[in-house]
Amino acid sequence: MLKIVTVLICLIAGKAVAQTVQIPFELTNYNNIAIKTVLNKKDTVKLMFHLAASSVTLTEEALQKVNSIKFERTDSVSSWGGNGNTSRFSKSNELQMESLVWKNTPIWENKNSGQNTGGKFGLELFKDKIVAIDFEKKIITISEELPKNVNRYHKLKIDYKDDMMFVAANCEVEGIDVGNKFLIHSGYAGSILFDDQFSNVNKLSEKLKITSEKQLKDSYGNVLKTKKAVLPKFTLGSFHLKNIPVGFFDGAIGRQKMSVIGGDILKRFHIVIDAKREFIYLKPNKLKDEKYLDV
């Protein structure tokens with residue numbers, strides 16, 4: 001009887017330990033979350049945690065240093081910058097992150113990732129788990145229970161589609177608050193990027209102060225021209241952010257289909273994402289008053 005009780009205690013203790021895992025990360029100068037991973041017990045690769053990604057990918061450059069991956073085929077894929085891309089595909093790999101191990105992990109090849117990273121992964125690795133991101137301590141916590149202090153956070157409803165999270169927010173354009181839906185996109189270094197329909201309908205090129213024009217490349221090398229402007233106020237839940245640098249593609253109707261909230265906004269909050277991907281919880285952190293990045 002004593003042995004049975006001892007075994008049960010060990011099992012319960014083991015489950016309790018497994019419920020919470022902390023993963024350290026680097027917040028790069030480009031507002032990307034970079035995490036050290038091990039592939040197939042052989043190769044060490046720094047991957048970007050991309051909240052809008054639906055698969056694990058490695059860049060062509062990183063793959064020149066990786067010897068443990070075998071590709072089975074080449075497929076056609078699409079990206080947010082355009083269609084007509086091709087990507088090699090590896091069906092089954094082991095991926096390790098701290099004490100977490102995923103076996104039989106598919107990996108795709110692409111051209112680009114966040115600066116100083118060799119690829120990316122998304123929320124699908126943490127399916128049915130609560131994900132908390134602490135940008136001050138630079139730790140991601142994976143658990144089965146919400147933090148005890150979550151009542152101090154602002155709770156926002158998530159529209160979760162195809163492994164992507166969308167939230168509603170308001171933008172001030174010539175003194176008028178205009179609502180829009182935004183993709184939570186930790187892979188984008190900047191603050192806000194508007195979709196083509198929103199920027200054209202609201203005539204952002206005419207109504208916002210334009211500060212510069214830039215070029216942006218997606219994961220497969222497609223080049224898009226973007227204008228940068230200043231948004232007087234951006235309201236996310238109960239939080240009001242003022243004089244934010246924003247980007248949009250003037251005249252590129254239909255190409256940029258989603259507005260996004262990037263890393264330059266996200267890093268200013270403690271973030272908790274619930275297990276069912278129904279709600280995101282936000283609380284301002286010590287980075288809230290940092291100067292915005294000139295993307």
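**Entry 1: a salt bridge between two strands**

I began with aspartate 159 in this predicted model, and I found this residue partly exposed, with a relative accessible area of 24%. I then looked for the partner of its side chain, and noted a salt bridge with lysine 181 at 2.8 Å, N to O. The two residues belong to distant parts of the chain, since aspartate 159 is in strand E15 (residues 159-161) and lysine 181 is in strand E17 (residues 176-184), 22 residues apart. Lysine 181 counts as partly exposed as well, at 41% relative accessibility. Next I noted a network in which salt bridges that share partners join Asp264, Lys267, Arg268 and Glu290.

**Entry 2: confidence**

Before going further I checked how far the model can be read. The mean pLDDT of the protein is 87, and 86% of its residues reach 70 or more. Residues 1-18 are another matter: pLDDT stays under 50 there, and the model has zero contacts for them beyond four places in sequence. Where pLDDT is low, the predicted coordinates should not be read in detail, and I therefore left that stretch out of my notes on side chains.

**Entry 3: other salt bridges**

How many salt bridges are there in the model? I have 13 in my notes. One of them joins the side chains of glutamate 60 and lysine 111, at 3.4 Å from N to O. This pair again links distant parts of the chain, with glutamate 60 in helix H2 (residues 60-63) and lysine 111 in the loop between E10 and E11, 51 residues apart. Both ends can be reached to some degree in the model: glutamate 60 is partly exposed at 35% relative accessibility, and lysine 111 is partly exposed at 41%.

I also looked up the salt bridge of lysine 103 with glutamate 94, where N and O are 2.9 Å apart. Is each of its two ends buried or exposed? Lysine 103 counts as exposed, at 57% relative accessibility, whereas glutamate 94 is buried, with a relative accessible area of 12%.

**Entry 4: the nonpolar core around phenylalanine 49**

I turned to the interior, where the largest nonpolar core has 63 residues, and where Phe49, Phe126, Ile133, Ile140, Phe194 and Phe234 are those with the most contacts inside it. A second, separate core has eight residues, including Met164, Phe166, Tyr188 and Val260.

I followed phenylalanine 49 in more detail, and found this residue buried, with a relative accessible area of 0%. Leaving aside neighbours within four places in sequence, phenylalanine 49 is in contact with a set of residues that includes Ile33, Ile35, Leu123, Phe126, Val131, Ile133 and Ile140, and also Gly122 and Ser186.

**Entry 5: aromatic rings**

The structure holds 10 aromatic pairs. Phenylalanine 49 and phenylalanine 126 form one that is edge-to-face, with 5.7 Å between the centres and 85° between the planes. Why does this pair tie together separate parts of the chain? Phenylalanine 49 lies in strand E4 (residues 43-49), while phenylalanine 126 lies in the loop between strand E11 (119-121) and strand E12 (130-134), so the pair ties together parts that are 77 residues apart in sequence. Phenylalanine 126 is also buried, at 2% relative accessibility.

The pair of phenylalanine 89 and tryptophan 108 is tilted, because the planes are at 50°, with the ring centres 4.5 Å apart. Phenylalanine 89 is in strand E7 (residues 82-90) and tryptophan 108 is in strand E10 (residues 107-110), so this pair ties together parts that are 19 residues apart in sequence. I noted phenylalanine 89 as buried, at 9% relative accessibility.

I also recorded an aromatic cluster made of Phe49, Trp102, Phe121 and Phe126.

**Entry 6: charges over rings**

Lysine 155 lies over the face of phenylalanine 279, 4.1 Å from the ring centre. Arginine 268 lies over the face of tyrosine 292, at 3.8 Å from the ring centre, and I had already met this arginine in the network with Asp264, Lys267 and Glu290.

**Entry 7: positive phi**

Most residues other than glycine have a negative phi, so I noted the exceptions that I came across. Glutamate 98 has a positive phi, near 55°; it is found in the loop between strand E8 (95-97) and strand E9 (100-102), and is partly exposed at 43%. Lysine 203 has a positive phi near 50°; it lies in the loop between helix H3 (196-201) and helix H4 (204-207), and counts as partly exposed at 45% relative accessibility.

Conventions: Residues are numbered from 1 along each chain as its sequence is written. This is a predicted model: local features need pLDDT of at least 70, side-chain atom pairs count only at pLDDT 80 or more; totals for chains, interfaces and linings use all residues. Side-chain values use heavy atoms; hydrogens and water are left out. pLDDT is the predictor's confidence in each residue, from 0 to 100. Contact means heavy atoms within 4.5 Å. A nonpolar core is a set of buried Ala, Val, Leu, Ile, Met, Phe, Trp, Tyr and Cys residues joined through side-chain atoms within 4.5 Å. Buried means under 20% relative accessible area, exposed over 50%, partly exposed in between (1.4 Å probe, protein chains only). Rings of Phe, Tyr and Trp (its six-membered ring) pair if their centres lie within 6.5 Å; planes under 30 degrees apart count as stacked, over 60 as edge-to-face and the rest as tilted. Helices (H or I, at least four residues) and strands (E, at least two) are DSSP runs, numbered from the N terminus. A charge sits over a ring if NZ of Lys or CZ of Arg is within 6 Å of the ring centre and within 35 degrees of the ring normal. A salt bridge is a side-chain nitrogen of Lys or Arg within 4 Å of a carboxyl oxygen of Asp or Glu.
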